[in-house]
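Hi,

Here is the structure I promised to pass on to you. Have a look at it first, and then read on for what turned up in it.

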Amino acid sequence: MDRLDNTVRPYAWGSTTAIAQLLGVEPTGEPQAEMWMGAHPGAPSRTGRGTLAEVIDADPERELGAASVAKFGPRLPFLLKLLAAGAPLSLQVHPDLDQAKAGYADEERRGVPADAAHRTYKDANHKPELVCALTDFDGLCGFRDPLRAAELLDALGVDSLKPYVDLLHAQPEEAALREVLTAILTADRDEMARTVTEAAAACDRLGGDHAPYAAIAHHYPGDPGVIAAMLLNHVRLQPGEALYLGAGVPHAYLNGLGVEIMANSDNVLRCGLTPKHVDVPELLRIVRFEPRDPGVLRPEAAPDGEELYDTPTDEFRLSRYVLPAGGATHDLTLATPQILLCTAGSVRAGEHELSPGTSVFVPAGEKAEVSGTGTLFRATVVA
């Protein structure tokens with residue numbers, strides 16, 4: 001069992017306080033957006049045996065187990081994060097596995113540099129993800145009912161939005177959503193900036209259901225993504241609740257601290273709320289224009305005190321243990337690799353004492369007994 005030394009990524013949207021408060025250290029004054037736990041080449045966790053990527057590369061079957069290597073190859077198939085949003089992330093969507101393989105192969109064939117600003121596919125993998133709230137957590141997830149979106153836009157009283165309102169009343173719903181999003185993303189930038197400014201002022205004045213979009217516009221003035229965001233469900237998670245984001249589902253995290261787990265991929269197609277490249281044709285090919293309930297997940301009881309966040313993805317399996325004072329020791333030994341993350345209290349994992357924000361990597365088959373008082377998240381795979 002290896003204690004992990006993890007990198008904190010200073011993305012501009014990160015909270016300046018949330019991760020520091022969880023770790024019990026003084027804030028740096030700079031944004032701290034994500035703490036990465038895993039073997040992703042961008043920022044692999046460090047252990048006493050080298051980086052976790054080096055440890056796994058040296059003996060994949062020993063570290064990951066035969067079943068995981070057979071199913072996913074000689075790499076850790078997930079990335080675990082602490083995510084602390086102090087400002088909205090970009091409005092985005094992820095491809096499915098077939099789309100990722102085809103898109104990556106196409107860009108490789110065309111010789112698009114891996115670090116090019118207009119590069120869309122960083123790898124050939126899909127990127128389903130799950131975020132579990134540690135604090136109140138605001139996000140956008142999936143298209144809302146088009147008629148409800150039309151009501152939100154119409155209430156703003158902005159004349160330039162009237163054509164979108166009319167389109168959203170059309171049938172079928174999927175075609176209406178596609179046409180409106182296309183119109184938003186391809187509109188004249190200066191005209192759209194004026195529309196967004198007027199819409200943001202109306203959102204601020206109206207408050208209520210419009211308040212989240214006023215806040216988004218404050219961070220991204222004039223961005224077309226502000227209007228696109230109003231097509232999506234706004235969700236506020238309570239601590240312990242989670243969202244699963246499958247392929248093609250547009251989403252954005254707005255504010256809060258959470259545990260995030262995803263397949264080991266960097267493939268993101270942005271829709272707005274960003275200065276980065278927006279590949280509109282490819283985005284429109286990937287997005288699933290289906291009105292849907294955001295599908296808030298709550299943990300399901302499993303044996304031995306485990307609480308499971310059930311998803312259809314095999315690359316990761318996230319669960320938690322809420323350990324009461326004086327409780328029993330739990331044997332978490334598995335034939336698959338694990339990362340254990342403490343988010344509250346004090347938990348003993350093997351020989352390691354874990355405080356909030358600290359974590360360990362458990363090789364496949366390694367004895368993993370935990371005890372103490374607190375909350376422990378367990379990340380592994382389905383193999």
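Before the tour, one term: two residues are in contact when heavy atoms of theirs lie within 4.5 Å. Please keep in mind that this is a predicted model, in which local features need pLDDT of at least 70 and side-chain atom pairs count only at pLDDT 80 or more, while totals for chains, interfaces and linings use all residues. Residues are numbered from 1 along each chain as its sequence is written, and side-chain values use heavy atoms, with hydrogens and water left out.

Let's start with helix α6, residues 146–154 (helices are DSSP runs of H or I with at least four residues, strands are runs of E with at least two, and both are numbered from the N terminus). Its buried residues are P146, A149, A150, L152 and L153. Buried here means under 20% relative accessible area, exposed means over 50%, and partly exposed is in between, using a 1.4 Å probe and protein chains only. These five sit on the same side of α6, because they cover an arc of only 160° around the axis, the arc being that of the directions from the helix axis to the C-beta atoms. What do the buried residues of α6 pack against? Their partners are α7 (162–168), α8 (173–186), α10 (211–219) and α11 (225–229). At the N-terminal end of α6, D145 acts as a cap, with a side-chain oxygen 2.7 Å from the backbone nitrogen of L147.

Next, the nonpolar cores, meaning sets of buried Ala, Val, Leu, Ile, Met, Phe, Trp, Tyr and Cys residues joined through side-chain atoms within 4.5 Å. The largest has 49 residues, and L140, L153, L156 and I227 have the most contacts inside it. Helix α9 (residues 189–206) gives the most to this core, with six residues. A second, separate core has 34 residues, including A18, L82, L257 and V381. Back in the largest core, L140 is in contact with several residues beyond its neighbours within four places in sequence, among them L91, Y213, I216, A229 and P250.

Then there are the salt bridges, in which a side-chain nitrogen of Lys or Arg is within 4 Å of a carboxyl oxygen of Asp or Glu. How many does the structure hold? There are 24 salt bridges. In one of them, the side chains of D138 and R236 meet at 2.7 Å, N to O. D138 lies in strand β9 (residues 137–143) and R236 in strand β10 (residues 232–237), so the pair ties together parts that are 98 residues apart in sequence. D138 counts as buried, at 8% relative accessibility.

E108 and R119 form another salt bridge, their closest N and O atoms being 3.0 Å apart. Here E108 belongs to helix α5 (residues 97–109), while R119 is in the loop between α5 and β8 (129–133). E108 is partly exposed at 42% relative accessibility, whereas R119 is buried at 5%.

E353 pairs with R348 in a salt bridge of 2.6 Å between the closest N and O atoms. Both partners are partly exposed: E353 at 42% and R348 at 35%. Elsewhere, salt bridges that share partners join D2, R49 and E63 into one network.

Finally, take a look at D136, in the loop between β8 and β9. D136 is partly exposed, with a relative accessible area of 38%. Not counting residues up to four places away in sequence, D136 touches R236, L237, Q238, P239, N255 and G256.

Enjoy exploring!

Key:
Polar contact = N/O pair within 3.5 Å; in protein donor to acceptor, adjacent residues only side chain to side chain.
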